Amino acid sequence: MCTQDVDEAQARVGEVLGRYELRPVEPGAHIDACMTGIEFDGIGLYCLGYGAAVSIIPQMIDRHLLVSLPLAGVAEVSHGSERITSTPELASVLSLTRPMSVRWSAGHCGLFTRFDRGALENQLGRLLGRRPDRPLAFSLGMDLTRPPARSWRSVAELLRNEAETGGGMLEQPLVVRQLEGLLMTQLLIAQPSNYSDALCGGQRRVAPPTVRRAVSLIEEHADEPLTVEDIAEAVGVSARALQEGFRRHLEKTPMGYLREVRLDRARAELAVTDPVAATVTDVAYRWGFAHLGRFSLAYRQRFGESPSDTLRR
């Protein structure tokens, strides 16, 4: 979407990010609004700029939450009683259930990540091992110089780059589901919220039979989109409790065990695949490996040869 009409920009952006009021800061100034985006099951990613300095007043909404990351310029954000100056090193996390206003500088361009509130709170419930008992609300500023927030940004930018370049990764449901779940989990862990204490609190110990059920589930469903939250929910514990149980009984994480199973399955497929019919990239994506360099390194560490060696042989 590209337009110089304020009303059209309000309508088109409002369809995906929520209804809002848009005004140029300078009387008589013209905007040059452009927006691109991609949507998945529970999230959407959008790049948006207005050219001119603008004032934005969103309507309150409880269907979704937004993370707004300036790629250029700054934004003055007021959200309830909190106020920040958002920059490329300080994103704003908008729960949209409190009155807010935003003022963008001229030349500001932002990356918006829209989270479906229901999907995010379901992910929160899987991490907690119980249904959330109150609406999820985050602190306004996300410090992107902190390692957990930097990790979150890396996943968001990976999805954005894949969408902009037409990469084949987004054609693989297994990879997309993993990245979508990782983006939600990383936000819940990295950004202070009214559930931070519960997420960091103690968890009950998981007994060996529960770990064995989780192992069986992983081995039976390794070819499907599977997250640690899915596994924990299936065996009736929280994600953090399952992580602790795997470390204590198997000395690895659930995702580490899943990665080993998928490496074994990928090797078996490469060993019988015609190099003309498929590539290492095809097989890696099919088994949920989004980063080909890390896949090759993990493969060589586990089997003593590269994936391409197995395929050629």
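Begin with the cysteines: this predicted model holds 0 disulfides. Select Cys47 and display its sulfur, then look for the closest cysteine sulfur, which belongs to Cys109 and lies 5.6 Å away. Because a disulfide requires the two sulfur atoms to be within 2.5 Å, that separation is too far for a bond, and Cys109 is accordingly in no disulfide. With a surface representation switched on, compare the settings of the two residues: Cys47 counts as buried, at 11% relative accessibility, while Cys109 is partly exposed, with a relative accessible area of 27%.

Next, colour the strands and follow the sheet across. It is an open sheet of 7 strands, and reading from one side to the other gives the order β1-β3-β4-β11-β6-β9-β12, with antiparallel pairing. At the edges, select residues 2-3 for β1 and 141-143 for β12, each of which pairs on one side only.

Move then to the pair formed by β3, residues 33-39, and β4, residues 43-49, which run antiparallel and are joined by 6 bridges. To see one individual pairing, select Gly37 together with Tyr46, its bridge partner in β4.

Finally, add the helices that accompany the sheet. Residues 6-17 form helix α1, which lies across β1, β3, β4, β6 (64-72) and β11 (109-116), and whose direction is at about 20° to β3. Selecting residues 117-128 brings up helix α2, which packs on the sheet and touches β6 and β11, its direction making about 65° with that of β11.

Terms used: Residues numbered from 1 in each chain as written. Predicted model: local features only at pLDDT ≥ 70, side-chain atom pairs only at ≥ 80, totals over all residues. Heavy atoms only, no water. Buried < 20%, exposed > 50% of the residue type's maximum accessible area, 1.4 Å probe, protein only. Pairing = 2+ DSSP bridges. Helix = DSSP H or I, 4+ residues; strand = E, 2+ residues; numbered from the N terminus. Contact = heavy atoms within 4.5 Å. Axes fitted to C-alpha atoms, helices over the stretch in contact; angles between N-to-C directions.
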